[in-house]
Amino acid sequence: DRNLINFSVNAGVTLKAPLPNRDDDTLGVGFGFAKVSPGAIALDQATNFFSGSFGPVRSSETFIEVTYQIQATPWWTMQPDFQYFFTPGGGIINPNNPSQSVGNAAVFGFRNVVTF
């Protein structure tokens, strides 16, 4: 009854050599879902009730991810990555506007690996 998240599931798949003549490349797609616990939801509701103000009540977070690992040379790997979060943190409070939750979020990343 003290956990912030009481249910979570993550899944993903990778595909080796997704494009012709790119035998060492890898495409990955992932998905995740996390459910905020009833105890945390009740805390948000009680805080709103006893403070007399309105704040968002957390619920769940969902994300998707797409990445592509490029084997540019035998010693150099590049990997762009994109993640998109629906209701980040389950609907955490927006610090710029405490009466609203933070909006959906996109994250872009890039990784370089040089092996010598």
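A hairpin of two residues links strand 5 to strand 6. Strands here are DSSP runs of E with at least two residues, helices are runs of H or I with at least four residues, and both are numbered from the N terminus. Strand 5 and strand 6 (residues 97-101) are antiparallel and share two bridges; two strands are taken to pair if DSSP finds at least two bridges between them. Within this pair, Ile93 has Ser101 of strand 6 as its bridge partner.

The structure is a predicted model, in which local features need pLDDT of at least 70 and side-chain atom pairs count only at pLDDT 80 or more, while totals for chains, interfaces and linings use all residues. Residues are numbered from 1 along each chain as its sequence is written, and side-chain values use heavy atoms, with hydrogens and water left out.

The chain contains one helix and seven strands. Their order along the sequence is β-β-α-β-β-β-β-β. The C-alpha atoms occupy a box of roughly 60 × 30 × 25 Å along the principal axes. The radius of gyration of the chain is 20 Å, whereas a compact globule of 116 residues would have a value near 13 Å. This radius is taken over C-alpha atoms, and the globule rule is 2.2 Å times the number of residues to the power 0.38.

Of the 116 residues, 25% are buried. A residue is called buried under 20% relative accessible area, exposed over 50%, and partly exposed in between, with a 1.4 Å probe and protein chains only. The chain exposes about 7900 Å², of which carbon and sulfur atoms supply 63%. Accessible areas were computed by the Shrake-Rupley method with a 1.4 Å probe, and for residues only the protein chains shown count as cover. Among contacts with a separation of 6 or more, 54% are between residues 24 or more positions apart; a contact means heavy atoms within 4.5 Å. The chain carries 6 positive and 8 negative charges, and the mean positions of the two groups are 5 Å apart. Lys and Arg count as positive and Asp and Glu as negative, with His and the chain ends not counted. Each charge is placed at NZ of Lys, CZ of Arg, CG of Asp or CD of Glu.

Further pairings involve strands 2, 3, 4 and 7. Strand 2 (residues 26-36) and strand 3 (residues 60-73) run antiparallel and are joined by ten bridges. In this pairing, Thr26 is opposite Gln69 of strand 3. Strand 3 is also antiparallel to strand 4 (residues 76-86), with nine bridges between the two, and a hairpin of two residues connects them. Two positions illustrate the register of this pairing: Thr67 stands opposite Asp81 in strand 4, and Ile64 has Tyr84 in strand 4 as its bridge partner. Strand 4 in turn is joined by ten bridges to strand 7 (residues 105-114), again in the antiparallel sense. Asp81 has Gly109 as its bridge partner in strand 7, in addition to standing opposite Thr67.

Individual residues were then examined in the strands. Gly28 is located in strand 2. Gly28 counts as buried because its relative accessibility is 7%. Leaving out residues up to four places away in sequence, Gly28 touches Val13, Thr14, Glu65, Val66 and Thr67. Val66 is 38 residues from Gly28 along the chain, yet their C-alpha atoms are separated by 5.7 Å. Ser60 belongs to strand 3. With a relative accessibility of 18%, Ser60 is therefore counted as buried. Apart from neighbours within four places in sequence, Ser60 contacts Phe33, Ala34, Lys35, Val36, Phe86, Thr87 and Gly90.

Two residues in loops have a positive phi without being glycine. Asn21, in the loop between strand 1 (5-16) and strand 2, has a phi of about 65°. Asn21 has a relative accessible area of 76% and so is exposed. Thr87, which is among the contacts of Ser60, has a phi of about 45° and lies in the loop between strand 4 and strand 5 (93-94). Thr87 counts as partly exposed because its relative accessibility is 32%.
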